[in-house]
Each structure stands twice: as C-alpha cells, then as structure tokens.
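I opened this notebook to record what I looked up about surface patches and charge pairs. The entries follow the order in which I checked them.

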Amino acid sequence: MKSKLAVYCTSTVVYRFICLLFGAYFFAVGSVDAQILNIPDEEDRKGGVHYSLVPLLGYSSDTGLIGGALLQRFNYGEGRSPFLSNLKIDAVVSTKADLLSEINYQRTRTLGMDIRSEISLIAERYRQAHYFGIGNQTTFNQDLYDEDYFLYEKRIIDFSYRARKTITEYGFEGTFDFYGVLGVSYLDALKRSDESLFAIEDPTGNQKNRLNSLGVGLIAEDRDSEFNPTEGYRYEIGIESSGAFTFSEFDFSRVHAELRHYVEILPDVVIAQKISGVHILGDSPFWKKASLGDKYGLRGYHFDRFLGESSILHILEARTWLFSFFDDEIKIGGQLFWDSGRVFSEFDSDGLFDNWNHSYGAGGAISLFNPDFIVRGDIGYSSEAIRIYAGVGYIF
C-alpha cells in the first residue's frame, strides 16, 4: 500500500498544502523541510536489510503545524525476490488534532509456507473530511467549500489481512495467484454543526458504524519489477462481501477489477497504463462506495469527490529517469499523467462515455540507495482545484 498523505492547494492560496520530500526538492513552494536518512546495520552491509527514514515537517492553514515520519524496512533474506519482508510505518499529527497513521507489513513466506501475507492497520482522524453527495453530477462551489459546507469530521480504524498463494507459474516470471482477504472497519462521523451531520444530507453509514468483510480474488502478473516496472502486466479481479454472516451492520458486496500494463518505448522511458472498475451490490455505507478523487485516480480533484454504485477509471503515465549519481545509487526522474473516470448512480446517465471527468499533471521521483525505495510527488490539475500528492512508490 501507498502512503495516504495528500492535501490540496488552490490556484489562489498556493501555500495551503502539505507534502513529503518533493515540496522541498521539486515543487519548491511552501514551508516544508524533509530529509532522507539511510541507516545501515550489520546485515545491511550484506545487502540483506535496508532501512529508509523520511522525517516530515510542514504547515497548512487547514491543519496547522504538522510533523511525523515515514519508515520503511526491506529484508531480502538470502536474495529472495521481490523481498522476504517489507515493513512501512507512516504517521503524521497536526496541531489541529488531525492524525494519519498506517502500518503495512508484507511477508512472502508465512509460517514456513509459500504464502504471501499482507497486514494493514490504518487509524485516522480528519477534522475536515469531504462529502459532496452521491453521483457524477454533484455540484462543487469553492466559496461553499471555504465555508466548510462540504466537510465533516471523520474518525476511522481499518484493519485488513490478505493471504496470497501462487497456483501456477508461466512464461518467464509469470504467476497466477489466489488470495483471500479479511477486513474490519469502524467509522465515527461527527457533526460539525447542530443542524445536520452533513451539510448536503445524512447518507447511509453516517455516525458510528462497524463493518466486517470477507473476500477472495485472483491475480495474474508477469512484470520485471514490483516497485519500478518497465515491461509486463498485472491483472486482478476480486469480490468482498459484508453482511450478517460477518457480524456486520451492512449487507453488500464489492466487485473490482484492475488491468495494468507497462511498455518501455525508449530507453528509460516507460508508458504505464491502468484501467480499473468497481461495482457495488447491495446497500453500502457512503465511505465504502465506489469513489474517485484521490492520489490513486483523478488527481486534481478533492478527496472522495465522486461517489457512486460503480466507477471506471483510466490512468496513463509516462515515466523516466533523468539523472543518476554514484553508480545509480541516487536517481532522479519525473512523470507526466492523464487521469479520466466517472462514477455511476441512480442520478447519472447510464451511457458509458457520458460525463467523464479528467485531470492531468506532472511529478518527480527519486530513488535513494535502494532501487526498490522510490519517493514520489505529483501535482494534479482539474477544473475545480489543484492538489499536491506525495508518497513512497509509484501509484501502480
């Protein structure tokens, strides 16, 4: 999983953002300072264990002063590919009581078996979470946004465990895998005024809610790298269900599919493409609906800008490495992107090519001392806002 830190800035208030490394290195706006530390230990000299630390410091008029850190630890064992284990800890706090924290741990062998496990724990408190309504045609107004019309306070704890097993291998390095997933979520949506929980409406799933889910899926992939792919593909399809059988307060299923492709059209110039879709069966809470508008798609729109019963998304990126130093120990690159997508609901046209939304932008990337550790920053433009994103790794 990627770091969830992403905030927005408008064209008239460009200092209202928080970022990681690239606020200082590439965008050079705002008061942000970040530093990369590489901490070696005994096994690190053998190439087995690698630590990377990114301290965070910044200011936003929305959140106040923020600080935190991102730690990533790779353990390659005896040269196991892509790794034996990968630990990521991401935590940010602000003087206005915002909290964003995530712990993600992956291990390619579990209890001595060839089962890849992934454990994720997310705990967040947003004083200014977004809700714009349901559908692709919802209205956005910057003046109302500045008056907190679209905002509510959200507290959420989300835990998931996924176990993945290779069924068969094919091609050069291709695998066909089956996975099972368990999810537990708790959300508390708090009032910002006495009149209503949300300025627009009180949607399904407001106030305090508990959600448990079980799911299964299939993954077929054959690409040359998990962290910096230059050729190959990755396909995934899955379903997760919640209901009385999982002791959940909601009864619905979520079907998703994703297609990724990578082609190196010139030396060190890669075209990456992702097509994904989500469909909800049943009555899901608003915070589990198909959504667009974050660092994973429609960059440049506000977080969760579009919610619906279904969604479709297309992302096209051109990535390249521009400079390298110290025998490729440090590499600096950039990317251009174009995002397109829409959601479907009872308020929208059923036409597949109607009412699509688009955003575009550019970003930078830097690889430090380990080719698998990449820090990335993007700035996205849409018809409504400008948003800056930063995190570890490419978004796909």
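The entries below deal with a nonpolar patch and then with salt bridges.

Entry 1. I note at the outset that this is a predicted model. I looked for nonpolar side chains at the surface and found a patch formed by I89, I103, I119, L121, I157, F159, L182, V184, Y186, L214 and F245, which together have about 890 Å² of accessible area. When I asked where the patch residues come from, I found that β7 (115-130), β8 (151-170) and β9 (174-190) each supply at least two of them, and that β9 gives the largest share, with 3 residues. I also looked up I103, which is found in strand β6 (residues 99-107) and is partly exposed, at a relative accessible area of 40%.

Entry 2. I then searched the whole structure for salt bridges and recorded 22. In one of them the side chains of D177 and R164 meet at 2.6 Å, N to O; D177 lies in strand β9 and R164 in strand β8, so this pair ties together parts that are 13 residues apart in sequence. Both D177 and R164 are buried.

Entry 3. I checked R319 and E317, whose side chains meet in a salt bridge at 2.8 Å, N to O; R319 counts as buried at 3% relative accessibility, and E317 counts as buried at 3%.

Entry 4. I turned to R234, which forms a salt bridge with E236, the closest N and O atoms being 2.9 Å apart. R234 is buried at 6% relative accessibility, and E236 is buried with a relative accessible area of 12%. Following this pair outward, I found R162, R234, E236, E258, R260 and K274 linked in a network of salt bridges.

Key: Residues numbered from 1 in each chain as written. Predicted model: local features only at pLDDT ≥ 70, side-chain atom pairs only at ≥ 80, totals over all residues. Heavy atoms only, no water. Patch = residues over 30% accessible without salt bridge, like charges linked within 9 Å, V, L, I, M, F, W, Y side chains within 5 Å. Areas by Shrake-Rupley, 256 points an atom, 1.4 Å probe, with all protein chains shown as cover. Salt bridge = Lys/Arg side-chain N within 4 Å of Asp/Glu carboxyl O. Helix = DSSP H or I, 4+ residues; strand = E, 2+ residues; numbered from the N terminus. Buried < 20%, exposed > 50% of the residue type's maximum accessible area, 1.4 Å probe, protein only.
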